[in-house]
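Work through the following exercises with the sequence and the coordinates at hand. Each task is followed by a solution in steps.

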Amino acid sequence: MREISLQAVPNQHITVSLNDEAWDIEIKACIQFMSVSIWCDGEPIVLGQRIVEGRPLIPYRHLAVNGNFFIDGNGKIDWREFGRSQNLYYIPAGEL
């Protein structure tokens, strides 16, 4: 498992190399929740998926063959808590 740094801003785009794959993660603040879009090596995995605390960001096992992500913390996902009480983590496929 690897932690990926998030900034305490409402909308952000992160590019990170994990297991020789380029991951692009876009997190956006919506009116009452946060959403995520994820691409692996330029291929879309999920687009506009609602983020639920404690749940994988890629909701289907067949889409998470290269690994998955989750945001820990307690309570509703809030960009103001990114980097403090809510952090983004990557879990390689072998650890799922």
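**Exercise 1: Overall form**

The protein chain exposes about 5,700 Å², and carbon and sulfur atoms supply 48% of that area. The model is a predicted one.

Task: Determine how many helices and strands the protein chain has, and compare its radius of gyration with the globule rule.

Solution.
- Step 1. The count gives 0 helices and 7 strands. Read from the N terminus, the order of elements is β-β-β-β-β-β-β.
- Step 2. The radius of gyration is 12 Å, close to the 12 Å given by the globule rule for 96 residues, so the protein chain is as compact as a globular protein of that length.
- Step 3. The C-alpha trace spans about 30 × 20 × 20 Å along its principal axes.
- Step 4. Of the 96 residues, 39% count as buried.
- Step 5. Among contacts with a separation of 6 or more, 33% come from residues 24 or more positions apart.

**Exercise 2: An aromatic cluster**

Task: Find how many aromatic pairs the whole structure has, and work out which residues form one aromatic cluster with Tyr90.

Solution.
- Step 1. Searching the whole structure yields 4 aromatic pairs.
- Step 2. In one of them, the ring centres of tryptophan 23 and tyrosine 90 are 5.9 Å apart and the planes are at 55°, so this pair is tilted.
- Step 3. Tryptophan 23 belongs to strand β3 (residues 21-29) and tyrosine 90 to strand β7 (residues 88-91), so the pair ties together parts 67 residues apart in sequence.
- Step 4. The cut-off for buried is under 20% relative accessible area. Tryptophan 23, at 1% relative accessibility, counts as buried, and tyrosine 90 is buried with a relative accessible area of 2%.
- Step 5. Tyrosine 90 also forms a tilted aromatic pair with phenylalanine 69, at 5.1 Å centre to centre and 50° between the planes.
- Step 6. Phenylalanine 69 lies in strand β6 (residues 68-71) and tyrosine 90 in strand β7, so this pair ties together parts that are 21 residues apart in sequence. Phenylalanine 69 and tyrosine 90 are both buried.
- Step 7. Trp23, Phe69 and Tyr90 thus make up one aromatic cluster.

**Exercise 3: Salt bridges**

Task: Count the salt bridges in the whole structure, then state for each partner whether it is buried, partly exposed or exposed.

Solution.
- Step 1. Side chains of opposite charge can pair when their charged atoms come close. The search finds 3 salt bridges.
- Step 2. Lysine 28 is bridged to glutamate 26, with the closest N and O atoms 3.8 Å apart. Lysine 28 is partly exposed at 40% relative accessibility, and glutamate 26 is partly exposed at 24%.
- Step 3. Arginine 80 and aspartate 78 meet in a salt bridge at 2.9 Å, N to O. Arginine 80 is partly exposed at 47%, as is aspartate 78 at 23%.
- Step 4. Glutamate 81 and arginine 84 meet in a salt bridge at 3.3 Å, N to O. Glutamate 81 is partly exposed at 23% relative accessibility, whereas arginine 84 counts as exposed at 60%.

**Exercise 4: A buried charge**

Task: Find which side chain of opposite charge is nearest to glutamate 21, and list what glutamate 21 contacts beyond its neighbours within four places in sequence.

Solution.
- Step 1. Glutamate 21 is located in strand β3.
- Step 2. The nearest side chain of opposite charge is arginine 2, 11 Å away; glutamate 21 is buried and has no salt bridge.
- Step 3. With neighbours within four places in sequence set aside, glutamate 21 contacts Val16, Cys40, Asp41 and Asn66.

Conventions:
Residues numbered from 1 in each chain as written. Predicted model: local features only at pLDDT ≥ 70, side-chain atom pairs only at ≥ 80, totals over all residues. Heavy atoms only, no water. Phe/Tyr/Trp six-rings, centres within 6.5 Å; stacked < 30°, edge-to-face > 60°. Helix = DSSP H or I, 4+ residues; strand = E, 2+ residues; numbered from the N terminus. Buried < 20%, exposed > 50% of the residue type's maximum accessible area, 1.4 Å probe, protein only. Lys, Arg positive; Asp, Glu negative; His and termini not counted. Salt bridge = Lys/Arg side-chain N within 4 Å of Asp/Glu carboxyl O. Contact = heavy atoms within 4.5 Å. Rg over C-alpha atoms; globule rule 2.2 N^0.38 Å. Areas by Shrake-Rupley, 256 points an atom, 1.4 Å probe, with all protein chains shown as cover.
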